[in-house]
Amino acid sequence: MQKDKSILELMKKLDSHLKANSLKIVDYWKADLCAIGLRKENRLIYISTYNYLNNDNMRYDFDLELLINTNTPKSQIIKEGRAVNETKLITEICSFLANGVQGNQKPIIPYRNF
């Protein structure tokens, strides 16, 4: 996988936290070396480090999404996080994968195509 070292380092850390979650790497953004997608069933996680490459302390942007139909790349963004630290990012990912969508969460964007 050809990605920026910020993504490769994050993937190593996530692997130690999420081994049992059978995540699949989805790379809808091959040209973006600072972005990666992770998928489990109908849950998609988009992570980017692009805005923070020159920061002393790495930060992350993320979107938690639900695929509308697992056979098509349409999704609803359920939650966005911007400029979060690694601990917050990993906590959000673990919670999303363990719990999915809570009943009171509403999509913040109706759908998007990749």
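Strands here are DSSP runs of E that span at least two residues, numbered from the N terminus. With that in hand, welcome to a few close-ups of this predicted model.

**View 1. Strand β3 and its covered side chains.** Let's start with β3, which takes in residues 43-48 and is mostly covered, with six of its six residues buried. R43, I45 and I47 point one way from the strand, while L44, Y46 and S48 point the other way. Whichever way they point, all of these residues are buried.

**View 2. The hairpin of β2 and β3.** Here β3 meets strand β2 (residues 35-40), and the two run antiparallel, joined by six bridges. To find your place in the ladder, look for I36, whose bridge partner in β3 is I47. Two residues lie between the strands of this hairpin. For anyone checking backbone torsions, E41 is the residue to look at, with a positive phi near 55°.

**View 3. The pairing of β3 with β4.** Strand β4 covers residues 60-67 and pairs with β3 in the antiparallel sense over six bridges. A handy landmark is I45, whose bridge partner in β4 is L64.

**View 4. T49 and its surroundings.** Between β3 and β4 comes a loop, and T49 is found in it. T49 counts as buried because its relative accessibility is 0%, and the cut-off for buried is under 20%. Setting aside neighbours within four places in sequence, T49 is in contact with S6, I7 and C34, along with M58, R59 and Y60.

Methods
Residues numbered from 1 in each chain as written. Predicted model: local features only at pLDDT ≥ 70, side-chain atom pairs only at ≥ 80, totals over all residues. Heavy atoms only, no water. Buried < 20%, exposed > 50% of the residue type's maximum accessible area, 1.4 Å probe, protein only. Helix = DSSP H or I, 4+ residues; strand = E, 2+ residues; numbered from the N terminus. Pairing = 2+ DSSP bridges. Contact = heavy atoms within 4.5 Å.
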